[in-house]
Amino acid sequence: MKTLLKTSGLALAAALIATPVLADKITLRMSTPASESDQRSVALAEVFAPAVAEFATYEPHYNASLIKQNSELEAIASGDLEMSIASAQELAQYFPEFSIFATGYVHQDAAHQVAVFNDALMDPFKATVEDELGIKLLSVMYLGRRHVNLRQCPDELNVQTPADLAGVNLRMPGTDAWQFLGKALGANPTPMAFTEVYTALQTGSVDGQDNPLPTVVDAKFYEVTCQIALTSHLVDLNYVAFSKAIWDELSPEQQATVQAAADAAAESGRQKQLEKEESLAAFLTENGLTIYEPDLTAFREHVQSQYVGSEFAESWPDGVLEKINALGN
Ligand code: KDO
């Protein structure tokens with residue numbers, strides 16, 4: 001009997017020594033200006049979080065409740081945040097060359113965004129962010145086609161060409177690349193955080209805003225606006241931004257799991273956002289908005305002409321725009 005106990009005790013001790021003590025799970029705080037119901041938020045919560053749950057606790061913070069919009073990258077770099085749904089426009093604050101991915105009428109559609117993000121042309125951009133900010137851009141997320149959404153009804157303000165936006169106070173997000181796009185559309189851009197837009201439209205402190213149809217529905221902008229001119233002036237994207245310091249603490253297997261989880265979440269959100277873009281025009285019309293297509297040639301030609309010779313275009317590495325165009329259809 002003694003021998004049995006002794007043997008089992010030794011076996012137990014050996015088992016405990018052999019079993020690595022499970023380190024505490026890492027916490028991944030994620031901040032976004034988006035709501036909890038936005039498809040990008042849903043995808044990270046429902047696809048990314050479960051996939052990494054064995055070694056990480058995903059902790060989302062919506063509506064810019066933890067970190068204000070366009071300050072998320074700084075927060076990750078300083079260790080106050082681990083993840084964000086970042087934008088090229090935010091990155092362009094640090095690295096002007098990122099403005100090429102925020103330029104009107106460059107990306108053609110969601111598939112083009114994925115092709116560009118996965119192409120070798122992207123490698124120097126990703127390396128710069130990793131080396132200088134300590135942030136990994138894991139995947140590209142589809143935000144959607146941005147259109148001009150106005151308080152005024154078409155009988156008061158009908159938008160066919162950029163000239164029709166002269167004097168229109170158009171809210172754009174707060175970075176230079178966004179303000180430039182607002183001017184390129186022909187409007188007077190007003191910088192404003194996403195979480196302030198609904199009230200600004202409701203009170204008339206701005207005439208309009210520009211976001212994809214799913215956002216117009218999710219943020220209920222349709223309640224305080226009257227029309228959408230389908231300019232499609234930017235097929236907009238975000239990046240799943242991830243702390244390199246955290247990444248470097250992970251095992252190669254855990255890093256592969258995080259990468260696969262980010263890609264799966266981005267793809268899931270992309271498909272749902274595309275489905276919403278197809279179906280929501282009817283919902284918005286039923287809810288009183290007038291939706292129409294303006295003179296797209298006039299908008300495309302005018303917007304593109306504004307970038308030629310601009311400070312942003314000067315920052316674009318030689319040949320990148322041609323490579324992006326070649327990846328399109
Ligand atoms: C916005 O502020 O209009 C914008 O669409 C900019 C995007 O880069 C992104 O920050 C987005 O807001 C938020 O994710 C809310 O949808």
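## The chain at a glance

The chain has 14 helices and nine strands. Keep in mind as you look around that this is a predicted model. Computed along its principal axes, the C-alpha trace spans about 95 × 45 × 35 Å.

Out of 329 residues, 51% count as buried. Look at the contacts between residues with a separation of 6 or more, and you'll find that 76% of them join residues 24 or more positions apart.

## Three parallel strands

Let's start with strand E5, residues 169-172. Strand E6 (residues 188-191) runs parallel to E5, and four bridges join the two. To find your place in this pair, look for Leu170, which stands opposite Pro189 in E6. Getting from E5 to E6, the chain passes through H7, and this β-α-β crossover is right-handed.

E5 also pairs with strand E7 (residues 208-211), again in the parallel sense, this time over two bridges. Leu170 turns up here too: its opposite number in E7 is Gly208.

## Helix H6 and its two sides

Helix H6 covers residues 123-133, and its buried residues include Phe125, Thr128, Val129 and Leu133. These four cover an arc of only 95° around the axis, so they sit on the same side of H6. That fits a general rule: an α-helix has 3.6 residues a turn, so residues three or four places apart point the same way.

What covers that buried side? The list includes helix H3 (72-77), H4, strand E4 (135-150) and helix H14 (320-327). On the face turned away from the buried side, H6 carries the exposed residues Pro124 and Asp131. Just after the helix comes Gly134, with a positive phi of about 70°.

## Helix H12, end to end

Helix H12 takes in twelve residues, 296-307. From its first C-alpha to its last it reaches 17 Å, close to the 16 Å expected at 1.5 Å a residue. The buried residues here are Ala298, Phe299, Val303 and Tyr307. Seen down the axis of H12, they fall within an arc of 160°, so they line one face of the helix. Among the elements covering these buried residues are helix H7 (176-184), strand E8 (227-243) and helix H13 (311-315).

Both ends of H12 are worth a look. At the N-terminal end, Asp295 acts as a cap, with a side-chain oxygen 3.2 Å from the backbone nitrogen of Thr297. At the other end, H12 is followed by Gly309, whose phi is positive, near 80°.

## Val106 and His112

Val106 lies in the loop between helix H4 (88-91) and helix H5 (110-117). Is Val106 buried or exposed? It is buried, because its relative accessible area is 8%, and the cut-off for buried is under 20%. Leaving aside neighbours within four places in sequence, Val106 is in contact with Ile100, His112, Leu321 and Ile324. Leu321 is a long way off along the chain: Val106 and Leu321 are 215 residues apart in sequence, yet 8.3 Å apart in space, C-alpha to C-alpha.

His112, one of those contacts of Val106, has its place in helix H5. With a relative accessibility of 3%, His112 counts as buried too. Its side chain reaches the backbone oxygen of Ile324 at 2.7 Å. Not counting residues up to four places away in sequence, His112 touches Val106, His107, Ile324, Leu327 and Gly328. So that you can find the link in the viewer, start at Ile324, which is in contact with Val106 and is also touched by His112.

## Ser243 in strand E8

The last stop is Ser243, which lies in strand E8. Which backbone atom does the side chain of Ser243 reach? It is the nitrogen of Ile246, at 3.2 Å. Ser243 is buried, with a relative accessible area of 5%.

Setting aside residues up to four places away in sequence, Ser243 touches Ile76, Leu81, Glu82 and Gly134. You've met Gly134 already, as the residue with a positive phi just after H6. Strand E8 has come up before as well, as part of what covers the buried residues of H12.

Conventions:
Residues numbered from 1 in each chain as written. Heavy atoms only, no water. Expected span 1.5 Å × (residues − 1). Buried < 20%, exposed > 50% of the residue type's maximum accessible area, 1.4 Å probe, protein only. Arc of directions from axis to C-beta. Contact = heavy atoms within 4.5 Å. Polar contact = N/O pair within 3.5 Å; in protein donor to acceptor, adjacent residues only side chain to side chain. Pairing = 2+ DSSP bridges. Right-handed = clockwise from strand over helix to strand, strands pointing away.
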